[in-house]
Amino acid sequence: MKNQYRKILFLTGAGISAESGLATFRSENGLWNNHRVEDVATIDAYYKNPDYVHDFYNNMKPELWNAKPNPAHLAITRLQKEYPAEINIVTQNVDTLHEKAGSKNIYHIHGQINQAVCMNCRHVLETWGDVSSETICENCQVQGMMKPNIVFFGENLLYMDKVEDLLRTSDLFVSVGTSGVVFPAASFVQTAKYYGADTVELNLEATSNNFYFDKHIMGKAGTTLPKFVEELLSDIKNS
Ligand code: APR
């Protein structure tokens, strides 16, 4: 580990939002809000029954609208404000808690709950309201082609060009609250390491990506991440 970094990349997963009361994906019962992920997060499920999938995400919106950022989200915002480096956040989460915490440079590679995308013209609609197969695209006026802007299994991730650049150029890669089982996000740490970054994992439990991290900080992110940020800031002061 170095005393000072010039470019820091955070990869966050559902675990960073757990202490805000939001469900993680691979909890003990393996269901996500009582649904199998395969039933609501695949492109086949969407084509088979678009309104079933729309309803699942519509019903999730009020909880995510009301959710509040926790000390883990706020710790990254503090680092962005106080640490003299470029600090980016690549998140797998579809909630907007990083934004609510006042962070910037946020890339939602799996999409966002408050967006829908038109499969006819690719226009992105920002809305916390319900979207259905009746919704008319505000851009091309076509009806029935709006899909939740959630990256389903089998679809390409968003912002991948930017992510690849960040993985090549960051000298500290910090993974927070992800199980490291869904690719390609699970392979980001290997790329970061290959390009020379120091790698740190903050998670409640050991993950399958163990080998690629230089440092493991176990525990709840709401406690461990503020402490880690404090250490990064004091390293600067002492250097
Ligand atoms: N603090 C830190 N880590 C936590 C906390 C917490 N308070 N609570 C849970 N965790 C850890 C869990 O131990 C687990 O390893 O967070 C991780 C969450 O893992 P998943 O539920 O698999 O969520 P995630 O890694 O974000 O899933 C990745 O899979 O289903 C897809 O698209 C979906 O973005 C999601 C992707």
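Which residue has a backbone N or O atom that lies 2.8 Å from an oxygen atom of the ligand? In this predicted model, that residue is A14, and its contact is one of several between the protein backbone and the ligand, set out below with their distances.

| Residue | Atom of the residue | Atom of the ligand | Distance |
|---|---|---|---|
| A14 | backbone N or O | oxygen | 2.8 Å |
| G177 | backbone N or O | oxygen | 3.4 Å |
| L204 | polar backbone atom | nitrogen | 3.2 Å |

Taken alone, the ligand exposes 730 Å², and the protein buries 92% of that area. The space that the ligand takes up is the largest pocket.

The surroundings of the ligand can be described by residue and by class. There are 21 residues around the ligand, and those that come nearest are F25, R26, T178, S179 and E205. Sorted by class, the shell consists of ten polar residues, seven nonpolar residues and four charged residues.

The domain assignment places this shell in a wider setting. The protein is divided into domain 1, which takes in 1-21 + 69-110 + 157-239, and domain 2, which takes in 23-66 + 112-150. Between the C-alpha centres of domain 1 and domain 2 there is a distance of 26 Å, and the contact between them takes 15 residues from domain 1 and 14 residues from domain 2.

Where does the ligand lie with respect to domain 1 and domain 2? Because both domain 1 and domain 2 give residues to the shell around the ligand, the ligand lies between them.

Terms used. Residues are numbered from 1 along each chain as its sequence is written. This is a predicted model: local features need pLDDT of at least 70, side-chain atom pairs count only at pLDDT 80 or more; totals for chains, interfaces and linings use all residues. Side-chain values use heavy atoms; hydrogens and water are left out. A residue is near a molecule or strand if one of its heavy atoms lies within 4 Å of it. A polar contact is a pair of N or O atoms within 3.5 Å; within protein, one must be able to donate a hydrogen and the other to accept it, and residues adjacent in sequence count only if both atoms are side-chain atoms. Accessible areas come from the Shrake-Rupley method with a 1.4 Å probe; for residues, only the protein chains shown count as cover. On a 1 Å grid over the protein atoms alone, a cavity is a set of points where a 1.4 Å probe fits but cannot get out, and a pocket is an open set with protein on both sides within 12 Å along at least five of seven lines; lining residues have an atom within 4 Å of a point. A molecule sits in a cavity or pocket if more than half of its atoms lie within 2 Å of its grid points. Ala, Val, Leu, Ile, Met, Phe, Trp, Tyr, Cys and Pro count as nonpolar, Asp, Glu, Lys and Arg as charged, and the others, Gly among them, as polar. Domain bounds come from an automatic or database domain assignment. Contact means heavy atoms within 4.5 Å.
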